Amino acid sequence: MQIKSIQPVYFSPTHTSAKIVTTIAEGMNIIVNKEIDLTYPSTNQKTLPSDTLAIIGVPTYAGRVAPTALERLQKIKGDNTPAIIVVLYGNRDYEDALLELRNTAKQLGFVPIAGGAFIGEHSYSTEEFPTAAGRPDVSDIQIAAEFGKNIIKQLYQYTDIKKLPVLDVKGNFPYKENKPRTPATPITIDELCTQCQYCIEICPVETIELKEEIVSDPEVCIKCCACVKECPNGARVFNTPFSEFLFKNFHDRKEPELFDLTR
Ligand SMILES: Cc1cc2nc3c(=O)[nH]c(=O)nc-3n(C[C@H](O)[C@H](O)[C@H](O)COP(=O)(O)O)c2cc1C
């Protein structure tokens, strides 16, 4: 198959999914289109042609594809368009997220030809309780770049995309049940906050506002922790018992898992 360009597509509040998708794309030596960043609500509908290779990356939330990512992916369609699907997870487990992403991609008109589960710093990682801090790291990046190179070689050998077998990935169907959401949101430490409003700019669900102080609505917040990780003054904090729980229970390093049509 001839591929004219690579199309990165991601939802990535804390940039780890974006980093892996971009790295896979850059390893391929083919023109890389401007990324479709679904992290913010403004993306237009788009159908990607079959001579484009899509690389779709999303975070795992509670063992599934992050719900906001799933919702926003509906704007991007394929037309028998080959796709590499990638989930990031915070060193606990990705459970059914990659399978759910594969099935979603198929429904949207893509043909998943390879997939990967990579590890990203956990959204709830803190200095006191680090979980997968700094990941993806140099080793993860090397694996991602190598993966991209291998998959593009494989893709050149396929003649008819419609005749490819279904990509097998880890995961169960029916998927892990979504638990009812527990409303919560990061808080602002007023003494550190300069009200620069950068958090308002970058919140993926636009739920942060400046009243007397910076506040966010726990009913709308998706707890992605973009505001926590990006506040230049460390003024946003998410106090959750999960930080310590993850640190204590998911300390052992996990490695990326890769899937393609040859295995
Ligand atoms: C609400 C929520 C739920 C999460 N659930 C999981 C999970 O089930 N397993 C896991 O290992 N990491 C989980 N994480 C961590 C993220 O998957 C991880 O930090 C990922 O790298 C974030 O991707 P991003 O940087 O592209 O936003 C969760 C994070 C959030 C905010």
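**Note on the ligand site**

1. The ligand occupies the largest pocket of this structure, which is a predicted model. Three elements each give two or more residues to the shell around the ligand: helix H1 (16-26), strand S4 (52-61) and strand S7 (81-89). Strand S4 contributes the most, with three residues.

2. The position of the ligand relative to the domains deserves mention. Residues of domain 1 (5-174 + 254-260) and of domain 2 (187-239) both belong to the shell around the ligand, so the ligand lies between these two domains.

3. As to composition, there are 25 residues around the ligand, and those that come nearest are Ser12, Thr14, Thr16, Ser17 and Thr60. Sorted by class, the shell holds twelve polar, nine nonpolar and four charged residues.

4. Several polar contacts may be checked in the model. Thr14, listed among the nearest residues, places an N or O atom of its side chain 2.4 Å from an oxygen atom of the ligand. Two further contacts involve the backbone: a polar backbone atom of Glu121 is 2.7 Å from a ligand oxygen atom, and a backbone N or O atom of Pro13 lies 3.2 Å from an oxygen atom of the ligand. Of the 640 Å² that the ligand exposes when taken alone, the protein buries 95%.

5. For a reader inspecting the site, Thr14 offers a side-chain contact to a ligand oxygen atom, whereas the contacts of Pro13 and Glu121 are made through backbone atoms.

Note on methods
Residues are numbered from 1 along each chain as its sequence is written. This is a predicted model: local features need pLDDT of at least 70, side-chain atom pairs count only at pLDDT 80 or more; totals for chains, interfaces and linings use all residues. Side-chain values use heavy atoms; hydrogens and water are left out. A residue is near a molecule or strand if one of its heavy atoms lies within 4 Å of it. A polar contact is a pair of N or O atoms within 3.5 Å; within protein, one must be able to donate a hydrogen and the other to accept it, and residues adjacent in sequence count only if both atoms are side-chain atoms. Accessible areas come from the Shrake-Rupley method with a 1.4 Å probe; for residues, only the protein chains shown count as cover. On a 1 Å grid over the protein atoms alone, a cavity is a set of points where a 1.4 Å probe fits but cannot get out, and a pocket is an open set with protein on both sides within 12 Å along at least five of seven lines; lining residues have an atom within 4 Å of a point. A molecule sits in a cavity or pocket if more than half of its atoms lie within 2 Å of its grid points. Helices (H or I, at least four residues) and strands (E, at least two) are DSSP runs, numbered from the N terminus. Ala, Val, Leu, Ile, Met, Phe, Trp, Tyr, Cys and Pro count as nonpolar, Asp, Glu, Lys and Arg as charged, and the others, Gly among them, as polar. Domain bounds come from an automatic or database domain assignment.
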